[in-house]
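Student: Could we go through the ligand and metal sites of this one together? I'd like to start with the terms we need.

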Amino acid sequence: MLPHAGNPSPEGISLPRSANGDPAAHGPALRVAVLGSTGSIGTSTLDVVASSGGRFAAWLLAAHRSVGPLIEQAHRLRPAWVVVVDAAAAAQIGVGALPAGTRLAVGADALDELVADPAVDRVVSAIVGAAGLRSTWAAVEAGKTVALANKETLVMAGPLVMRLACRTGATILPVDSEHSAIHQALCAGRPAEVRRIVLTASGGPFRTRPQAALASVTPAEALRHPTWSMGPKITVDSATMMNKALELIEARWLFDVPAEKLAVLVHPQSIVHSLVEFIDGSVIAQLSPPDMRLPIQYALTYPARTAGPARRLDFTQAMTLEFEPPDLGRFPAVALGHAAAARGGTAGAVLNAANEEAVGGFLAGRLRFIDIAETCGRLLDEHPFEAEPTLEAILRLDAWARQEVRSCLSS
Ligand code: NAD
Ligand code: MG
């Protein structure tokens with residue numbers, strides 16, 4: 001059953017207003033833990049925090065090994081903690097490099113522990129890939145409000161994570177622009193009135209490229225996205241349209257919607273971020289320029305809305321919005337996403353792990369672009385499927401799929 005995204009609660013609507021009409025930052029700032037703060041979503045999150053007029057404060061910043069940018073962020077935002085997951089990288093942080101009042105923690109265990117700290121009011125889950133699952137799990141287990149960018153968490157373990165959130169009272173709010181749009185559009189009706197959820201896709205840099213030319217695509221070409229500026233992994237996922245496959249699975253679990261009610265529509269301008277069609281034929285969409293600061297802020301302030309740093313649509317300029325069905329022949333990843341969303345169980349985890357390894361192989365020049373989806377499809381078919389896996393089974397199959405791809409890369 002589709003949950004009702006819910007209309008803003010009365011207390012959300014009646015937030016105290018400052019003189020210029022923006023909701024004022026009353027009371028102490030909400031303390032935000034930003035997991036993956038040096039990445040594309042992480043840096044956009046820090047923009048939102050810095051422009052929040054004291055409504056939010058960075059309490060924890062975490063990254064894998066990019067210590068230079070992390071130290072710079074720490075001086076700018078003065079968090080209580082920085083966490084470096086890679087111990088060798090953390091060892092490069094000299095005495096006195098961090099500002100007074102900011103402490104350093106090292107390793108994934110430390111991150112899991114700090115995320116659950118009672119001081120944390122909001123968690124932004126923006127680590128890339130399967131590596132984001134464990135800290136997101138720790139946040140959900142601790143009953144936090146989680147702004148979820150790391151779609152891989154739901155792709156791998158959607159049912160387990162959503163059940164855990166039910167048990168602990170955690171709230172998971174989407175950061176992915178499509179899911180943020182769906183969350184907003186669902187407010188226009190009741191769950192039983194939803195006929196279809198349509199995720200839009202830019203179509204990536206190869207939307208119009210003939211099939212025969214896709215075999216020779218280079219990493220540099222795949223990394224040139226026409227509308228979004230993002231980290232390298234999701235940029236390649238957009239080029240193969242595997243990103244839409246992962247997002248179909250993400251939507252399946254986040255909104256508890258059956259796979260057959262999910263559809264994909266190519267929209268090259270990336271302005272309509274997704275649509276919800278109701279049983280009476282009305283289609284409700286959310287529009288804004290391609291700027292992740294808006295869905296990040298929406299997830300942080302929900303159910304309130306505040307003015308923020310995101311770009312706005314300019315209706316004084318002529319604008320054309322185009323829509324076309326995806327070409328499933330040239331982009332077979334979309335069908336893999338539909339199949340994995342329908343199948344559930346371990347399918348999402350295997351698809352995700354195979355894709356992460358295949359994208360790594362493609363970026364290293366060891367796999368052709370068109371082999372990414374082919375490899376993922378083969379492993380989906382071959383894997384020992386489990387319908388109701390435990391977290392351990394999911395992690396075991398994640399490791400199995402990675403090993404399979406690696407051995408095919410080295411053969
Ligand atoms: P990115 O590559 O720009 O940044 C990744 C961040 O994760 C970095 O801070 C890195 O240090 C950290 N990280 C990587 N491995 C880690 C590990 N093992 N432990 C701890 N930290 C680790 O990625 P991104 O584009 O910001 O994407 C982040 C997540 O958000 C992904 O799941 C992606 O699918 C999702 N997302 C991104 C966008 C976007 O516009 N970039 C949009 C929607 C969803
Ligand atoms: Mg998206």
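Tutor: A residue counts as buried when its relative accessible area is under 20%, and as exposed when that value is over 50%. Please keep in mind that this is a predicted model.

Student: OK, is D176 buried or exposed?

Tutor: D176 has a relative accessible area of 7%, which is under the 20% cut-off, so D176 is buried.

Student: And which residues coordinate the magnesium ion (ligand 2)?

Tutor: The magnesium ion is coordinated by D176 (OD), E178 (OE) and E247 (OE), at 2.1 to 2.2 Å, and along the chain these donors follow the spacing D-x1-E-x68-E. The pair D176 and E247 links distant parts of the chain, 71 residues apart, with D176 in the loop between β7 (171-174) and α8 (177-185) and E247 in helix α12 (residues 242-254).

Student: What about E247, buried or exposed?

Tutor: E247 is buried, with a relative accessibility of 1%.

Student: Switching to ligand 1: which polar atoms are its oxygens close to, say for T38?

Tutor: One oxygen atom of ligand 1 is 2.7 Å from an N or O atom in the T38 side chain, while polar backbone atoms of H64 and of G231 each have an oxygen atom of ligand 1 at 2.9 Å. Of the 830 Å² of accessible area that ligand 1 has on its own, the protein covers 88%.

Student: How many residues surround ligand 1, and of what classes?

Tutor: There are 24 residues around ligand 1, and by class the shell has twelve nonpolar, nine polar and three charged residues.

Student: Why does ligand 1 lie between the two domains?

Tutor: Because domain 1 (19-150) and domain 2 (188-292 + 321-410) both give residues to the shell around ligand 1.

Methods. Residues are numbered from 1 along each chain as its sequence is written. Chains are lettered from A and ligands numbered from 1 in the order in which they are written. This is a predicted model: local features need pLDDT of at least 70, side-chain atom pairs count only at pLDDT 80 or more; totals for chains, interfaces and linings use all residues. Side-chain values use heavy atoms; hydrogens and water are left out. A residue is near a molecule or strand if one of its heavy atoms lies within 4 Å of it. A polar contact is a pair of N or O atoms within 3.5 Å; within protein, one must be able to donate a hydrogen and the other to accept it, and residues adjacent in sequence count only if both atoms are side-chain atoms. Accessible areas come from the Shrake-Rupley method with a 1.4 Å probe; for residues, only the protein chains shown count as cover. Ala, Val, Leu, Ile, Met, Phe, Trp, Tyr, Cys and Pro count as nonpolar, Asp, Glu, Lys and Arg as charged, and the others, Gly among them, as polar. Domain bounds come from an automatic or database domain assignment. Donors are N, O and S atoms within 2.8 Å of the metal (3.2 Å for Na, K and Ca); water is not among the atoms, so sites may look incomplete. Helices (H or I, at least four residues) and strands (E, at least two) are DSSP runs, numbered from the N terminus. Buried means under 20% relative accessible area, exposed over 50%, partly exposed in between (1.4 Å probe, protein chains only).
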